[in-house]
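Thanks, everyone. I'll take the fold first in outline, then the DNA contacts, then the salt bridges, but I want to open with a question.

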Protein chains: 2
Amino acid sequence: MNIGDVAKLSGLPPKTIRYYEDIGLISPLRDANGYRSFRESDTHKLAFLGRARALGFTIEDCRTLLALWDDKQRASGDVRAIAQEHLAQIERKIIDLQAIQETLSHLVRECSGDGRPDCPILKTLEVLPLR
Amino acid sequence: MNIGDVAKLSGLPPKTIRYYEDIGLISPLRDANGYRSFRESDTHKLAFLGRARALGFTIEDCRTLLALWDDKQRASGDVRAIAQEHLAQIERKIIDLQAIQETLSHLVRECSGDGRPDCPILKTLEVLPLR
DNA sequence: GCTTGACCTTCCAGTAACTGGAAGCCCCAT
DNA sequence: ATGGGGCTTCCAGTTACTGGAAGGTCAAGC
C-alpha cells in the first residue's frame, strides 16, 4: 500500500505519516521505486496513533504506548499510569478553561458592544488580578 | 525601571518582556548603558498583556486589544467581537476536552492496573472509532 | 511514443509563544 | 580590584505538524 491509501485508511494526512516515520514511530518498507510500502501492521499502528493523538496523548506518550502495545507481556499498570496522568492534566486544563470562560462570558455580557468608547472588557484587563 | 523590576511588577519573566519588545508589543526607552528603561506606561501595558494572555488571548489578539486600548475613541464593539470569538473557541475546547475526559476516565476505571497483560486501554485504542 | 495528471520523493522553512544557554558588558559593595 | 548579580545580544530548541518547491514515477489516453 502506498502512503495515500494508508492516509485514507488511518485518517492521517500523508505529511503526518512521513513525519511519524521521521521520528521513528513507524518504519514502513520501501518499494524499488522508493515509494513507502505499508504493511497491515503499519496501518494498524497508524490507526492506533491517530486514536491516541485524538485523545490528546503527546507523541512521546504515544511512543511509550506503542511500545507497551507491541510488548503484550507488560503489565497494564504502565499504561494505566500514563492514561491517569494524562487524564489529570486534562481535568486541570478543563478547570482552567472554565475559569477563563466564566470571566470572559461575564465580560462579554457586560459589554454593550455599542459605540460607547469606554469598554468594560478593556477596563477589566487593566485591573483584573493576576492568578 | 530596569527589566527585573518590571518583571516583578508585571509577573512576566524578563525573557518574555524582551520577546514582547522584539515583536513590537512594547517599546521601552534605553538608558545610556543600553539597559531598557521602562516607563509607567510600559509597565501598565505589560500588566495588561499578562492579564490578556492569562485569559488565553493570542499574541495577535493582544496586539489588537492593545491598539484598541490605546485608541479609546474606538467603539467597544471591536473588543467585544474579539472577546466573543475567543470565548466561543474556549467553549469548543472545553467540550472537546470533556469528551476526551469521559473516554479516558472510563478507560482508567476499567483498567485494573494489575499485572494482567490484556489492557483495556490499549484494546480500546485499537478499536475506538475516530471522530 | 508522448503527454498529462495524479502520485510519490526529499528538503527547507514556518507556525506560537516562548525558554535555555552562551558570551560578554555593567554596576555596586566589599 | 574583585565578586556577584543584573543586564545585553544572539542562537537554538521546544511541539506536532504543515506548506511549498523541485523533481521522479506511474497509468491512461491519443
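Which oxygen of DNA strand D lies 3.4 Å from a backbone N or O atom of A:Ile59? A phosphate oxygen. Please keep in mind that this is a predicted model.

Some background on chain A. The chain has six helices and two strands, and their order along the sequence is α-α-β-β-α-α-α-α. Of its 131 residues, 40% count as buried. If we take the contacts between residues at least 6 apart in sequence, 39% of them join residues at least 24 apart. The accessible surface is about 7100 Å², with 52% of that belonging to carbon and sulfur atoms.

Back to DNA strand D. There are 19 residues around this strand, and those that come nearest are A:Lys15, A:Tyr20, A:Arg53, B:Tyr35 and B:Arg36. Of the strand's atoms within 4 Å of the protein, 65% belong to sugar or phosphate, and the rest belong to bases.

Chain B offers an example of each kind. A polar backbone atom of B:Gly4 is 2.9 Å from a phosphate oxygen of the strand. On the base side, an N or O atom in the side chain of B:Tyr35 is 2.8 Å from a base nitrogen. Two or more residues each come from α2 (14–22) of chain A, and from α1 (3–10) and α2 (14–22) of chain B. The largest share, four residues, is that of α2(A). By class, this surface has seven nonpolar, six polar and six charged residues.

Now the salt bridges, of which the structure holds 12 over all chains. B:Arg36, already named among the residues that come nearest to strand D, pairs with B:Glu21, with the closest N and O atoms 2.4 Å apart. That pair links distant parts of the chain, since B:Arg36 sits in strand β2 and B:Glu21 in helix α2, 15 residues apart. Both residues are buried.

In chain A, the side chains of A:Asp42 and A:Arg39 meet at 3.2 Å, N to O. Is A:Asp42 buried or exposed? A:Asp42 counts as buried because its relative accessibility is 3%, whereas A:Arg39, at 36%, counts as partly exposed.

The last pair is B:Arg63 with B:Glu60, at 3.0 Å. Both lie in helix α4 of chain B, three residues apart, about one turn of the helix. B:Arg63 is partly exposed at 30% relative accessibility, and B:Glu60 is partly exposed at 45%. Finally, salt bridges with shared partners join A:Glu21, A:Arg30 and A:Arg36 into one network.

Key
Residues numbered from 1 in each chain as written. Chains lettered and ligands numbered in written order. Predicted model: local features only at pLDDT ≥ 70, side-chain atom pairs only at ≥ 80, totals over all residues. Heavy atoms only, no water. Buried < 20%, exposed > 50% of the residue type's maximum accessible area, 1.4 Å probe, protein only. Contact = heavy atoms within 4.5 Å. Areas by Shrake-Rupley, 256 points an atom, 1.4 Å probe, with all protein chains shown as cover. Near = heavy atom within 4 Å. Polar contact = N/O pair within 3.5 Å; in protein donor to acceptor, adjacent residues only side chain to side chain. Nonpolar A, V, L, I, M, F, W, Y, C, P; charged D, E, K, R; others polar. Salt bridge = Lys/Arg side-chain N within 4 Å of Asp/Glu carboxyl O.
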